[in-house]
Amino acid sequence: MNTASMETNPPSPWQDTPAKSERIVCAITRIASVLRSGAWQFATTEGLNPTQVDILEALRSRKDGVRLSWIAQYLGVTAASASDSITSLTAKGLIEKGRDSADGRAVALRLTGSGHDLAARISNSVSFAHDAVSELPPSTQEALFESLLALIGKLQQSERFPEIRACVTCKYFAINRHPGTEAPHHCTLVNAPLSVSLLRLDCPEHDPAQTAVAVQNWQELESV
Ligand code: SF4
């Protein structure tokens with residue numbers, strides 16, 4: 001009898017290590033919660049709640065203003081919840097209501113000068129994260145950006161991620177127009193080639209592509 005076959009292997013000291021996918025999600029969750037608590041700690045001293053912070057940050061790069069329904073969808077909250085926060089921000093003089101440039105009958109919400117100042121200070125409150133990322137080697141930053149982009153693409157295709165104003169979902173995005181080059185993609189709005197490292201996740205000029213085109217772009221991006 002082969003005695004070796006009767007021996008049982010000792011338990012590996014790593015057998016309880018969670019799967020890599022679990023550890024990646026854990027890492028992302030921890031980073032997100034550290035960033036959120038950094039911004040919220042600052043905002044609490046200004047008398048703001050988390051939704052109000054998110055609204056100020058969302059409006060910061062949208063100088064033309066946005067509608068209430070857009071904010072609710074962007075933040076993944078109900079229109080009633082967004083409306084309460086906007087009423088409060090308006091009363092504090094941080095948001096103003098004006099005409100929507102695309103439809104004069106609709107109301108667009110914009111930051112006031114004070115709103116812009118506060119949104120900039122909220123952003124600065126997490127500058128430690130920007131510093132940490134910039135200290136990573138350029139190749140690591142590149143790989144991290146591409147990996148996060150791929151993950152966002154997967155989540156978007158499973159409809160578990162709210163709409164974002166990313167190049168990949170934009171009607172001006174021409175994927176792989178310049179194959180085999182450093183900048184294989186193209187933005188037809190400014191008529192210029194786009195490298196992967198310059199792809200935007202929140203572009204003010206974004207105009208949504210048809211859903212089928214966006215899905216195809218996400219899928220093709222994985223293979224470019
Ligand atoms: S308009 Fe903005 S989001 Fe659209 S492709 Fe050009 S850079 Fe990207």
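I count helix axes at under 35 degrees as roughly parallel, over 145 as roughly antiparallel, 65 to 115 as roughly perpendicular and the rest as oblique. The model is predicted, so I took local features at pLDDT of at least 70 and side-chain atom pairs at pLDDT 80 or more, with totals for chains, interfaces and linings over all residues. Residues are numbered from 1 along each chain, and side-chain values use heavy atoms, without hydrogens and water.

**Helix pair.** I looked up helix 2 (residues 20–45) and helix 3 (residues 50–60), both DSSP runs (H or I, at least four residues) numbered from the N terminus. They pack at about 100°, axes 10 Å apart. Helix 2 and helix 3 are therefore roughly perpendicular. In contact (heavy atoms within 4.5 Å) are Arg36, Ala39, Trp40 and Ala43 of helix 2 with Pro50, Val53 and Asp54 of helix 3.

**Domains.** I noted domain 1 (20–127) and domain 2 (137–221), with bounds from an automatic or database assignment. Their C-alpha centres are 23 Å apart. Each domain gives six residues to the contact.

**Ligand.** I listed the residues around the ligand (a heavy atom within 4 Å): Cys167, Cys170, Tyr172, Phe173, Cys187, Leu189, Cys203 and Glu205.

Key
Axes fitted to C-alpha atoms, helices over the stretch in contact; angles between N-to-C directions. Helix = DSSP H or I, 4+ residues; strand = E, 2+ residues; numbered from the N terminus.
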